[in-house]
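This report concerns side-chain interactions in a single protein model. Please keep the sequence and the coordinates at hand while reading.

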Amino acid sequence: MWQNIGDCPFPDTIKLKIRRPEQERKKFNPAAKYWLVRGGYSGPVILSRYGDFRLPCVIVESELDGLLLLQDAGDLVNILCLGSCTIRPDAVMAKLLGQAPKIFLSFDFDQAGGSSAKWWLRNFRNGMLWL
């Protein structure tokens, strides 16, 4: 049983997602894998150690993938965590991505990831697949 905890109880939290149990998903809204706790940011997250958007950027689907990249390659690249491969950049994010010398697309190797990669390659000349 899940209880609504209201707004996010952690004041400095940017985004808090909870993975839904499989049994819960089967009963109600199977497509929604996660609950996003109210009070947090719901859009894509940019992870940048230096705030220098002239560095290459790696685009990943999940925040966990992004945190791992930040840990191991954060001195070399910025990371854009979409939260879902169907998310597209807004005007501000597109401008920041346009400053990157290269955008490495690292989506899941599935149909949704492939479709998303095609969109990014059509819309960003500095994009390339990175598997």
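The paragraphs below treat salt bridges, nonpolar cores and aromatic pairs in turn.

The model is predicted.

**Salt bridges**

Side chains of opposite charge can pair when their charged atoms come close. The structure holds four salt bridges, and the table lists some of these pairs.

| Salt bridge | N to O distance |
|---|---|
| Arg20 and Glu24 | 3.7 Å |
| Asp75 and Arg49 | 3.0 Å |
| Arg54 and Asp52 | 3.0 Å |

Asp75 and Arg49 form a salt bridge. Because Asp75 lies in the loop between helix H2 (63-73) and strand E5 (78-81), and Arg49 in the loop between strand E3 (45-47) and strand E4 (57-60), the pair ties together parts that are 26 residues apart in sequence. Asp75 is partly exposed, at 45% relative accessible area, and Arg49 is also partly exposed, at 40%.

In the bridge between Arg20 and Glu24, Arg20 is buried because its relative accessibility is 3%, a value under 20%. Its partner Glu24 has 26% relative accessibility and counts as partly exposed. In the bridge between Arg54 and Asp52, Arg54 is exposed at 62% relative accessibility, while Asp52 is partly exposed at 24%.

**Nonpolar cores**

Which residues have the most contacts inside the largest nonpolar core? They are Ile59, Leu80, Leu97, Ile103, Phe107 and Trp120, in a core of 14 residues. At least two residues of this core come from each of E4, helix H3 (91-99), strand E6 (103-106) and helix H4 (111-123).

Leu80 illustrates how such a core residue is surrounded. Neighbours within four places in sequence aside, the contacts of Leu80 include Ile46, Val58, Ile59, Val60, Met93, Leu97 and Trp120. Pro44, Val45 and Cys57 are also in contact with Leu80. A second core, separate from the largest one, has 10 residues, among them Val58, Leu69, Leu70 and Ile79.

**Aromatic pairs**

A pair of aromatic rings is described by the distance of the centres and the angle of the planes. The count of aromatic pairs comes to four. One of the pairs joins Trp119 and Trp120, with 5.2 Å from centre to centre and 80° between the planes. This pair is edge-to-face because its angle is over 60 degrees.

Ring pairs also link Trp119, Trp120 and Phe124 into a cluster. Trp120 is buried, at 1% relative accessibility. Trp120 thus appears in the ring cluster, among the residues with the most contacts inside the largest core, and among the contacts of Leu80.

Note on methods: Residues are numbered from 1 along each chain as its sequence is written. This is a predicted model: local features need pLDDT of at least 70, side-chain atom pairs count only at pLDDT 80 or more; totals for chains, interfaces and linings use all residues. Side-chain values use heavy atoms; hydrogens and water are left out. A salt bridge is a side-chain nitrogen of Lys or Arg within 4 Å of a carboxyl oxygen of Asp or Glu. Buried means under 20% relative accessible area, exposed over 50%, partly exposed in between (1.4 Å probe, protein chains only). Helices (H or I, at least four residues) and strands (E, at least two) are DSSP runs, numbered from the N terminus. A nonpolar core is a set of buried Ala, Val, Leu, Ile, Met, Phe, Trp, Tyr and Cys residues joined through side-chain atoms within 4.5 Å. Contact means heavy atoms within 4.5 Å. Rings of Phe, Tyr and Trp (its six-membered ring) pair if their centres lie within 6.5 Å; planes under 30 degrees apart count as stacked, over 60 as edge-to-face and the rest as tilted.
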